[in-house]
Amino acid sequence: MSRNKKNSWKWLFFLLLTLNVLFVFSVFLLVTTNPKPESEPHDDFSSDEYTEYFSVHLTQSQLNHLLQEQLEEEKVSAEIIDKKARISSSVSILGRTINASMDFEPAVLENGNIVLHQQSFNIGGLSLPGSEVLSILSSQADVPDYVEVQPGNNQIVVKLNEIEIADQYYLRAETFDLEQDAITIKVGK
């Protein structure tokens, strides 16, 4: 009976070892796989074709209020803090809630789109490489079509020129200067 008991423990140990190796391999594949090809931001219309009808001027607090209203139903929040754009969420792991946040430096591209350059990613008290997190985000998250995650460039591009309003109007960012508290978005055709 003693010999039979030793064999069962041996098989259980090898089963547990195999499960651990499979788990580590699965996590490695999730982190390193990037199914979406990266592309450069493009311009759907030239500045000659675009006619501005009006501009919307926002401060950081107004933009934060707008973002809170838009993301009210979502599990993620976005806000401007300390001259940075911060996207935050909480993750439930083994019954514990852990906060995760990613900081970006926003800039306006020539075509009126907004690029968010990734600066840091923190989950709990741990800082992780942003490119790996963006890679997971691009392959796993359900982001709108006008948001392009580019892990290789450590950035996210918000393609305002692909957001259509009332089937005929488009958005273009003119300024996104957090130092001066000046954010200007144009609306036109």
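**Exercise 1. The surface patch and helix H1**

Trp9, Leu12, Leu15, Leu19 and Leu22 make up a nonpolar patch on the surface of this predicted model. State how much accessible area the patch has, and classify leucine 12 as buried, partly exposed or exposed.

Solution.
- Step 1. Together the five residues Trp9, Leu12, Leu15, Leu19 and Leu22 have about 550 Å² of accessible area.
- Step 2. Leucine 12 is part of helix H1.
- Step 3. The relative accessibility of leucine 12 is 47%, so leucine 12 counts as partly exposed.
- Step 4. Confidence has to be read alongside this. Helix H1 (residues 2-32) has the lowest confidence in the chain, with a mean pLDDT of 68.

**Exercise 2. Confidence along the chain**

Find where in the chain confidence is highest, and where pLDDT stays under 50.

Solution.
- Step 1. The average pLDDT of the chain is 79, and 84% of the residues reach at least 70.
- Step 2. Strand E8 (residues 155-158) has the highest confidence, at 91.
- Step 3. Over residues 36-44, pLDDT stays under 50. For this stretch the model has 25 contacts beyond four places in sequence.

**Exercise 3. The partners of strand E5**

Work out which strands are joined to E5, by how many bridges, and in which direction they run.

Solution.
- Step 1. Begin with strand E4 (residues 96-108). Its antiparallel pairing with strand E5 (residues 114-123) has 9 bridges. One position in this pairing is proline 106, whose bridge partner in E5 is leucine 116.
- Step 2. Examine the connection. E4 and E5 form a hairpin with 5 residues between them, and glycine 112 in the turn has a positive phi of about 90 degrees.
- Step 3. Turn to E8, which is antiparallel to E5 and joined to it by 4 bridges. Here isoleucine 114 has valine 158 in E8 as its bridge partner.
- Step 4. Finish with strand E6 (residues 126-127), joined to E5 by 2 bridges, again antiparallel. Asparagine 122 stands opposite serine 127 in E6. The hairpin of E5 and E6 has 2 residues between the strands, and glycine 124 takes a positive phi near 65 degrees.

**Exercise 4. The surroundings of isoleucine 123**

Which residues does isoleucine 123 touch, leaving out those up to four places away in sequence?

Solution.
- Step 1. Isoleucine 123 is located in strand E5.
- Step 2. Its relative accessible area is 22%, which makes isoleucine 123 partly exposed. The cut-off for buried is under 20%.
- Step 3. The residues touched by isoleucine 123 are Ile98, Asn99, Ala100 and Leu128.
- Step 4. Serine 101 is 22 residues from isoleucine 123 in sequence, while their C-alpha atoms are 6.5 Å apart in space.

**Exercise 5. Salt bridges around aspartate 103**

The structure has 5 salt bridges. Identify the partners of aspartate 103 and the network that results.

Solution.
- Step 1. Aspartate 103 forms a salt bridge with lysine 84, at 3.7 Å from N to O. Because aspartate 103 lies in strand E4 and lysine 84 in strand E3 (residues 84-93), this pair ties together parts 19 residues apart in sequence.
- Step 2. A salt bridge also joins the side chains of aspartate 103 and arginine 86, at 2.6 Å from N to O. Arginine 86 is in strand E3 and aspartate 103 in strand E4, so this pair ties together parts 17 residues apart in sequence.
- Step 3. Compare accessibilities. Aspartate 103 is buried at 5%, lysine 84 is partly exposed at 26%, and arginine 86 is partly exposed at 23%.
- Step 4. Take another salt bridge, between glutamate 162 and lysine 159, whose closest N and O atoms are 4.0 Å apart. Glutamate 162 is partly exposed at 30%, whereas lysine 159 is buried at 8%.
- Step 5. Shared partners join Lys84, Arg86 and Asp103 into one network of salt bridges.

**Exercise 6. Positive phi outside glycine**

Describe the backbone and location of lysine 83 and aspartate 181.

Solution.
- Step 1. Recall the general rule: most residues other than glycine have a negative phi.
- Step 2. Lysine 83 is not a glycine, yet has a positive phi of about 65 degrees. Lysine 83 sits in the loop between strand E2 (76-81) and E3, and is partly exposed at 38% relative accessibility.
- Step 3. Aspartate 181, also not a glycine, has a positive phi of about 60 degrees. Aspartate 181 is in the loop between strand E10 (169-177) and strand E11 (182-188), and is partly exposed with a relative accessible area of 33%.

Definitions and conventions. Residues are numbered from 1 along each chain as its sequence is written. This is a predicted model: local features need pLDDT of at least 70, side-chain atom pairs count only at pLDDT 80 or more; totals for chains, interfaces and linings use all residues. Side-chain values use heavy atoms; hydrogens and water are left out. pLDDT is the predictor's confidence in each residue, from 0 to 100. Contact means heavy atoms within 4.5 Å. Patches are made of residues with over 30% relative accessible area and no salt bridge: like charges are joined within 9 Å, nonpolar side chains (Val, Leu, Ile, Met, Phe, Trp, Tyr) within 5 Å. Accessible areas come from the Shrake-Rupley method with a 1.4 Å probe; for residues, only the protein chains shown count as cover. Buried means under 20% relative accessible area, exposed over 50%, partly exposed in between (1.4 Å probe, protein chains only). Two strands pair if DSSP finds at least two bridges between them.
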